[in-house]
Number of protein chains: 2
Amino acid sequence: MNSRRDVFQAIADPTRRAIIMMLAVGSMTPNALAEQFKTSRQAVSKHLQILTECEIVTQEHQGREIHYHLNAAKMKEIEKWLEQFKKLIAKRFDQLDDVLRNLKNTKR
Amino acid sequence: MNSRRDVFQAIADPTRRAIIMMLAVGSMTPNALAEQFKTSRQAVSKHLQILTECEIVTQEHQGREIHYHLNAAKMKEIEKWLEQFKKLIAKRFDQLDDVLRNLKNTKR
DNA sequence: TTAATGCGCTACCAAATGGTTGCATAAATA
DNA sequence: TATTTATGCAACCATTTGGTAGCGCATTAA
């Protein structure tokens, strides 16, 4: 309920996912980003603010422009969670294997 | 803004992530799930409804109990997105390599 | 200096979210 | 049959979200 600012929140919005993809290619300004989408500059700016709070993005002031850089390392957290998840799934299949093995052994 | 019901929405909430983890181990009823958390049965039920709409979870009626199963395949979508992302990042590093190579070649 | 540009920030708004309480229904139990 | 149990569902509420419009502040251009 409270404003969780984590990676999962960051990638929950499709516009934000698109922004992340753009910044994965190279740093950009809010205006440059906004031109790529159908949303306004302000909307993009708001997403950038959220992404900054999630520590997925950092600012670099260059004159009157602000370049947004991607903190790719932060994305590792998603990968880590997915790995954990996959480990649990694997364990489940292992248990299934055990069951199947037992069935095999006990069958006449 | 509209109610997007996708995998990314599904894992955006920490309680929902926990539910997914529980179901990764084995199918469970709402009551059994609720006992694991500090939230109410109804709250968990609402999350299960969202997860069902996201097609991450399926129901299996068994008498008066409803067993919720995880559709692990759906989680692949996250993995797929992450792969795409990593490909872009890799490309960026490749470009950086090019730059470095050029610097090396042109330096006296 | 004046005008234009890039951007943040503050309302403001409709819709969604996450949660609670209470009721209805179906199944198991006494 | 009466009661308990498992669950969904609707109503309600405070907060968040995603978006727009407009103001203000630097920085660059004319």
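# Two protein chains on DNA strand C

Of the atoms of DNA strand C that lie within 4 Å of the protein, 64% belong to sugar or phosphate, and the rest belong to bases. This is a predicted model: local features need pLDDT of at least 70, side-chain atom pairs count only at pLDDT 80 or more, and totals for chains, interfaces and linings use all residues. Side-chain values use heavy atoms, with hydrogens and water left out; residues are numbered from 1 along each chain as its sequence is written, and chains are lettered from A and ligands numbered from 1 in the order in which they are written.

**The surface near DNA strand C**

- DNA strand C is surrounded by 27 residues. A residue counts as near a strand if one of its heavy atoms lies within 4 Å of it.
- The closest are Ser45(A), Tyr68(A), Ser40(B), Lys46(B) and His47(B).
- Chain A supplies at least two residues to this surface from each of α3 (30-36), α4 (41-53) and β2 (65-70). From chain B, α4 (41-53) also supplies at least two.
- Helix α4(B) gives the most, with five residues. Helices (H or I, at least four residues) and strands (E, at least two) are DSSP runs, numbered from the N terminus.
- By class, this surface has seven nonpolar, 11 polar and nine charged residues. Ala, Val, Leu, Ile, Met, Phe, Trp, Tyr, Cys and Pro count as nonpolar, Asp, Glu, Lys and Arg as charged, and the others, Gly among them, as polar.

**Side chains at phosphate and base**

- Arg5(B) has a polar side-chain atom 2.8 Å from a phosphate oxygen of DNA strand C.
- For Asp13(B), a polar side-chain atom lies 3.4 Å from a phosphate oxygen of the strand.
- Gln42(B) points to a different kind of atom: one of its polar side-chain atoms lies 3.3 Å from a base oxygen of DNA strand C.

**How the two copies are related**

- A turn of 180° and a shift of 0.1 Å along the axis lay chain A on chain B with an RMSD of 0.1 Å. The two copies are thus related as by a two-fold rotation axis.
- Copies are superposed by least squares on the C-alpha atoms of residues with pLDDT of at least 70 in both.
- Among the residues of chain A, Ala12(A) comes closest to the axis, at 2.9 Å (C-alpha).

**Where chain A meets chain B**

- The contact (heavy atoms within 4.5 Å) takes 27 residues from chain A and 27 residues from chain B.
- The copies meet through the same surface, because 100% of the interface residues of chain A are also interface residues in chain B.
- About 2,700 Å² is buried between the chains, and carbon and sulfur atoms give 69% of it. Buried area is the accessible area (1.4 Å probe) that two parts lose on being put together, summed over both.
- Met21(A), Trp81(A) and Phe85(A) supply 22% of the area that chain A buries against chain B, more than any other three residues.

**Salt bridges**

- The structure holds 16 salt bridges over all chains. Each is a side-chain nitrogen of Lys or Arg within 4 Å of a carboxyl oxygen of Asp or Glu.
- Arg5(A) and Glu53(A) form one of them (2.6 Å, N to O). Arg5(A) lies in the segment before α1 of chain A and Glu53(A) in helix α4 of chain A, so the pair ties together parts 48 residues apart in sequence.
- Six salt bridges are found across the interface of chain A and chain B. Arg4(A) and Asp13(B) meet in a salt bridge (3.9 Å, N to O).

Methods:
Polar contact = N/O pair within 3.5 Å; in protein donor to acceptor, adjacent residues only side chain to side chain.
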